[in-house]
Amino acid sequence: MGACMALCSLASCASCLCGSAPCLLCGCCPSSNNSTVTRLVFSFFLLLGTLVSIIMILPGMETQLRKIPGFCQGGSTIPGIENHFNCDVIVGYKSVYRMCFAMACFFFLFSAIMIRVRTSKDPRASIQNGFWFFKFLILVGITVGAFFIPDGTFNDVWFYFGIVGSFMFILIQLILLIDFAHSWNEIWVRNAEEGNSKGWFFGLLFFTGLHYALAFAAVVLFYVYYTTPDGCTEHKVFISLNLIFCVIISVVSILPKVQDASPQSGLLQSSLITLYTMYVTWSAMTNNPNRECNPSLLSLVSNVSSSSHPTPTTAPGMVQWWDAQGIVGLVIFLFCTLYASIRSSSNAQVNRLMQTEEGKGSEVESKVDGDGPQRVVDNEEDGVTYSYSFFHFHLFLASLYIMMTLTNWYKPDTTTQAMASSMPAVWVKICSSWLSLALYLWTLIGPVLLPNRDFS
């Protein structure tokens with residue numbers, strides 16, 4: 001009897017994984033919409049690939065693989081068995097490039113397939129919302145094939161793909177942060193007004209002050225550690241300009257005309273954007289190949305000048321994979337990826353930019369049948385709540401961004417098999433911060449300059 005029940009349970013799981021039913025998370029999630037569950041599962045695919053990339057790039061991983069008899073070329077051997085695997089490709093930056101290449105191809109493929117899907121009645125919507133086992137096999141197959149790509153010019157070419165894609169993803173991160181700050185401010189203000197409690201206003205004031213305090217502290221540290229009295233002119237310009245721009249957007253956000261046109265704007269959003277801008281500025285400066293203007297993290301912690309640590313210049317192939325800005329970048333990436341999967345925003349400007357219409361899907365209540373409540377309901381029969389194609393394109397860009405983050409935006413050198421910092425990465429990050437600030441400024445002044453246009 002128990003075996004029969006187990007087989008029935010297995011058959012149910014098989015239909016869930018191999019069919020078009022959106023039931024992958026039915027047993028562990030409360031009642032939720034089909035659109036949300038699908039985005040969460042695709043985001044899980046991305047996070048799984050990120051985890052694999054992190055494991056592959058861990059220090060000492062190649063040494064451990066070489067200890068496996070008969071596995072790595074040049075490693076331990078078993079009599080009569082030839083070592084087939086090139087562990088230089090399986091681990092290190094090459095493995096990250098190939099893993100992220102596979103994820104990028106996977107999501108770009110679905111982005112192309114899902115163009116102009118309007119409702120869940122479209123046959124392609126069944127592919128989007130189901131067949132998870134087959135989609136996972138496709139991802140695994142592309143990944144395996146990616147590791148057979150010869151070095152050649154692949155690493156150099158894919159580096160520039162990563163640069164462009166990461167630039168675009170940084171802008172998407174900013175849009176998501178703006179949306180998060182708007183939702184945060186809207187919810188807390190509504191709670192304060194409905195509950196007649198000043199605690200919510202105090203919370204908004206506290207976090208606004210905290211964001212500005214952290215940003216100001218970052219600026220001070222930037223001038224202390226990333227500039228010199230007689231040099232590092234680029235860094236001084238970057239820090240000063242971004243500081244001035246952040247002051248401008250903060251002042252503009254509380255102007256009376258801006259407040260009248262956009263009541264939801266305020267200092268909380270500006271403070272969060274200011275803090276994010278300082279992070280991008282810091283991330284850019286850590287890619288400067290000039291070590292006098294870019295001290296190592298160890299030098300900052302131990303308060304030792306970079307001149308006493310010549311190893312970065314004498315050994316350009318040595319890469320510090322886990323530096324502070326890389327870890328912060330991973331945290332922001334994880335937050336934005338998960339938020340993009342579950343977001344439900346009333347901000348029309350952000351919805352248009354992100355190609356989402358959260359209020360458009362049909363409201364479907366959970367149905368109850370003989371097996372209990374239906375955990376996941378199809379809320380897209382009358383219209384999709386987000387652009388399937390753009391969502392996958394967003395994950396495609398995220399794959400490129402995680403590739404650049406895990407390799408610290410270093411440029412691979414195929415002749416020396418080393419990694420080196422490069423100024424293009426610096427300028428891409430700085431330009432993305434300027435474009436991000438310009439985009440946020442437009443969300444503030446757009447309703448004032450174009451009063452007849454609907455920005456609500």
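What follows is a walk through a predicted model of one protein chain, taking the overall makeup before the helix pairs and a few backbone details.

The protein chain has 18 helices and six strands. Of its 456 residues, 46% are buried. Among the contacts in the chain with a separation of 6 or more, 75% are between residues 24 or more positions apart.

The pair formed by helix α8 (residues 154-195) and helix α18 (residues 423-449) is a starting point for the packing. Their axes are 9 Å apart, and the packing angle is about 30 degrees. That angle makes α8 roughly parallel to α18, since the limit for this class is under 35 degrees. The crossing of the two helices is right-handed. On the α8 side the contact consists of Ile163, Phe167, Ile170, Leu171, Leu174, Ile175 and Ile178, and these meet Ala425, Val428, Cys431, Ser432, Leu435, Ser436, Leu439 and Tyr440 of α18. By class, the contact of α8 with α18 holds 13 nonpolar residues, two polar ones and no charged ones.

Helix α8 is also a packing partner of helix α9. Helix α9 covers residues 199-225, which is 27 residues, and its first and last C-alpha atoms are 38 Å apart, close to the 39 Å expected at 1.5 Å a residue. Its buried residues are Gly203, Leu204, Thr208, His211, Ala215, Ala218, Val219 and Phe222. These buried residues of α9 pack against α8, against α10 (233-253) and against α12 (267-285).

Helix α12 can be examined in the same two respects, span and burial. For its 19 residues, 1.5 Å a residue gives an expected span of 27 Å, and the end C-alpha atoms are 27 Å apart, which agrees. As for burial, 17 of the 19 residues of α12 are buried, so this helix is largely enclosed by the rest of the structure.

Helix α17 (residues 388-406) can be described in the same terms. Its 19 residues should span 27 Å at 1.5 Å a residue, and the end C-alpha atoms are indeed 27 Å apart. In α17, 17 of the 19 residues are buried, so α17 is largely enclosed by the rest of the structure.

One of the helices in contact with α17 is α2 (residues 34-56). The axes of α2 and α17 come within 11 Å and cross at roughly 15 degrees. That angle makes α2 roughly parallel to α17. The crossing of α2 past α17 is right-handed. From α2 the contact takes Arg39, Phe42, Ser43, Leu46, Thr50, Ser53 and Ile54, while α17 supplies Phe391, His392, Leu395, Ala398, Ser399, Ile402 and Leu406. The residues of the contact of α2 with α17 divide into eight nonpolar, five polar and one charged.

The pair α5 (93-113) and α7 (132-146) is set at another kind of angle. Here the axes are 8 Å apart and the angle is about 135 degrees. The two helices are therefore oblique to each other, as roughly antiparallel would need an angle over 145 degrees. α5 passes α7 in a right-handed crossing. The residues of α5 in the contact are Arg98, Met99, Phe101, Ala102, Met103, Cys105, Phe106 and Phe110, and they meet Lys135, Ile138, Leu139, Ile142, Thr143 and Ala146 of α7. The contact of α5 with α7 divides by class into 11 nonpolar residues, one polar and two charged.

The loops around α6 (123-129) bring in the backbone details. Most residues other than glycine have a negative phi. Arginine 116, which is not a glycine, has a positive phi of about 65 degrees. This residue is in the loop between α5 and α6. Its relative accessibility is 61%, so arginine 116 counts as exposed.

Phenylalanine 131 also has a positive phi, of about 55 degrees, although it is not a glycine. Phenylalanine 131 lies in the loop between α6 and α7. With 28% relative accessibility, phenylalanine 131 counts as partly exposed. A further positive phi is found at asparagine 408, just after α17, where the value is about 55 degrees.

Methods:
Residues are numbered from 1 along each chain as its sequence is written. This is a predicted model: local features need pLDDT of at least 70, side-chain atom pairs count only at pLDDT 80 or more; totals for chains, interfaces and linings use all residues. Side-chain values use heavy atoms; hydrogens and water are left out. Axes are lines fitted to C-alpha atoms, for helices over the stretch in contact, and angles run from 0 to 180 degrees between N-to-C directions. Helices (H or I, at least four residues) and strands (E, at least two) are DSSP runs, numbered from the N terminus. Angles under 35 degrees count as roughly parallel, over 145 as roughly antiparallel, 65 to 115 as roughly perpendicular and the rest as oblique. A crossing is left-handed if the near helix is turned anticlockwise from the far one by less than a right angle, and right-handed if clockwise. Contact means heavy atoms within 4.5 Å. Ala, Val, Leu, Ile, Met, Phe, Trp, Tyr, Cys and Pro count as nonpolar, Asp, Glu, Lys and Arg as charged, and the others, Gly among them, as polar. The expected span of a helix is 1.5 Å times one less than its number of residues. Buried means under 20% relative accessible area, exposed over 50%, partly exposed in between (1.4 Å probe, protein chains only).
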